[in-house]
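Trainee: I would like to go through this model with you. May I begin with individual residues and then turn to the chain as a whole?
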Amino acid sequence: MFFSIILVYLLIKFHFHYLPESIGIVFLGAIIGALFQVLNYFDLADFKEEEMMSPTIFFLIMLPPIIFESGYSLHKGNFFANFGSIFTYAVLGTMVSALTIGSGLFVLGMADVVYPFTLKESLSFGALISAVDPVATLAIFQSIDVHPTLYMLVFGESVLNDAVSIVMCDSVINFDDSTSTAWAITLGVGSFFVKFTVSSLVGVMFALALAIILKYVHLNKVPSLEFCTVGLFAYGPYFLAEGLNYSGIMAILSSGIVMSHYAHFNLSPVTQITVQQTFRTFAFLAESMVFAYLGMAIFSFSHSFKPAFVIWTLILCLVGRAINIFPISVIVNKFREHQIDFKKQFVMWFSGLRGAIAFSLALHLPFPNEKRRVIVSTTLVIVLFSILFFGGSTMPLMKLLQNIDSDDKVPTKHKKLPQSDEESEDEEDSEADEEFALSKTMEMGRSMEASQIPGETEEVWHGTKGFTVLDNKYFIPFFRKKFTRQEIQD
C-alpha cells in the first residue's frame, strides 16, 4: 500500500495525463506478484497465504467503504434530477445485460462452442461481470468538464449498478436447483426485488434517523462524539441488513446517498470535512488493495484460460452493454425534458468498464475449483482489457467528440470572477493544476461556509418537478438543521 500511495502521489505531482491511478496500481500489483513468484520459485520466501484474500475481509472490511463513499460523494442535485433514468439503467439495464451474457454463454456452452456451465453458473457469471467500474473514465470526465448530465448518468449508474450486480449475483447463487428453470428464474427475480427494496429501506431509515438525531441533539459541540455517531450509523445498516439475510451493500449505499443529502448538513463544519476525508481515505485504501490484488493475480494465481470463452464473454459484454444503453435510452427519453442524445449514449456504452467489484465477486463464487478458475481467469482478462483499452482511449475519444460538437460542453466547475490581477494569476495556476486531475484523491472535503446558511441563501431550483420539488419544500426543512451565522463561524 505504501508503494501505491507513492505512485498516486507521483501521478498527481507530475500530471501524468493518460494514466489514471487505478491502472497504475494494477501495474504495481503485477510487478509485486511477479516478484513473489520469483521468490517462491527459488524458495527464498513463501507468500502463498499472503496472496489469498479472505471472503470475510473483502465483504466486511474492503467492500463497504467503497460502496458507502461512492454514495456519499454523489452530487445529489444532479442525481435526484436524473434519478429515474439512472435507476432504469442501473436496475433494468443491468438485469438485461446479465441475462444477455449469462444466457448467451449457456447456449454457447450447450453447443460446445465455449467451456460449458450450467444455467445457474452462467447467470451468476453474467450478473457479476455486469458490474461496471468506470473510475478511469469518470476521472477524465472531471478533468475536461463534460456535460454534467452525462457525468451524473455514468457515475450514478455505476454506483447503483455495483450494488445491483452484487444483489443479483447473490440471488442467482441461491437458486433452488430442484425447481424448474422458469420457476427458479421467477423466484430469483422476486427475491432480487425484495432484497433490493427492503435493504434500501433499511439504509434510508438509518440515514434519516441520524439526520433527526444530529438536528435536535447538539453533538456539534463535541466533534469527536459527532464523528463517532456518524461512523456507527454509516456501518449500522450493513450489519443489520446482513443479519436479516438481506443485502448489506444495498443498505449501506442507500444510507450513504441519503445521509450525505440530509445528515451531512447537520454536522459542524470541522466534522463535515473530517467525515468526507475519512470515508474517502478508507475507500481509497480498500479500492487500491483490490486493484493491487488484481494485478498480483496475473502472476500469482493458477489460471485456466479458455480462449473461446474469453472472446465470447467479451463480445457478449459489449452486446449486453449496448442492449442496456441504446434501447433503454429510447424509453427514458420519452419521460425526459432534456433528451439523452446519441453521442451521450455512445459515451455511456463506451464507459462500461469492468473493474474491482466484478473481479472480487469472481474470486468468491461457490463453484467447483476448475469452473471457478475459468471464471476468475476470464474476469481478469475482461477487467484488464476494459480498463487498459477503454479506459486508456477515453481521453482521445472525448476530445474527438468535443471537437465534433464543441457547443455541447457545459462547464461543471463554477469559478468566481477574479477580483485582481494577483487573484487572476492564482486562478490560472489553479486551472493549470486541475486541467488533468485524474484522481478524486486530490479532492478536498467541503464544509458549510457562513455565506451558505440555509434559509438565507438557499439554492433555487428553477423548472424542477417531481421528487426535487417535494424535497426542497418538505424534506429538507424537516431533516436539515438551520445553523446561525455565529454557530458556523464558531
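Trainee: Is Asn333 buried or exposed?
Mentor: Asn333 counts as buried, because its relative accessibility is 13% and the cut-off for buried is under 20%. Please keep in mind that this is a predicted model.

Trainee: Which helix holds Asn333?
Mentor: Asn333 belongs to helix α13, which covers residues 307-333.

Trainee: And what is Asn333 in contact with, leaving aside neighbours within four places in sequence?
Mentor: Asn333 is then in contact with Gln339, Ile340 and Gln345.

Trainee: Turning to Val374, where is that residue found?
Mentor: Val374 lies in helix α16, residues 369-404. Val374 is buried, at a relative accessible area of 0%.

Trainee: Which residues is Val374 in contact with, again without neighbours within four places in sequence?
Mentor: Those contacts of Val374 are Tyr115, Phe117, Ser304, Lys306 and Phe309. In addition, the C-alpha atoms of Val374 and Phe305 are 6.1 Å apart, although 69 residues separate the two along the chain.

Trainee: What about helix α15: how many of its residues are buried?
Mentor: In α15, residues 356-363, 8 of the 8 residues are buried, so this helix is largely enclosed by the rest of the structure. Among them are Phe359, Ser360 and Leu361.

Trainee: For the whole chain, how many helices and strands are there?
Mentor: The protein chain has 19 helices and 0 strands. Of its 490 residues, 51% are buried.

Trainee: What share of the exposed area do carbon and sulfur atoms supply?
Mentor: They supply 66% of the roughly 23,100 Å² that the protein chain exposes.

Conventions. Residues numbered from 1 in each chain as written. Predicted model: local features only at pLDDT ≥ 70, side-chain atom pairs only at ≥ 80, totals over all residues. Heavy atoms only, no water. Helix = DSSP H or I, 4+ residues; strand = E, 2+ residues; numbered from the N terminus. Buried < 20%, exposed > 50% of the residue type's maximum accessible area, 1.4 Å probe, protein only. Contact = heavy atoms within 4.5 Å. Areas by Shrake-Rupley, 256 points an atom, 1.4 Å probe, with all protein chains shown as cover.
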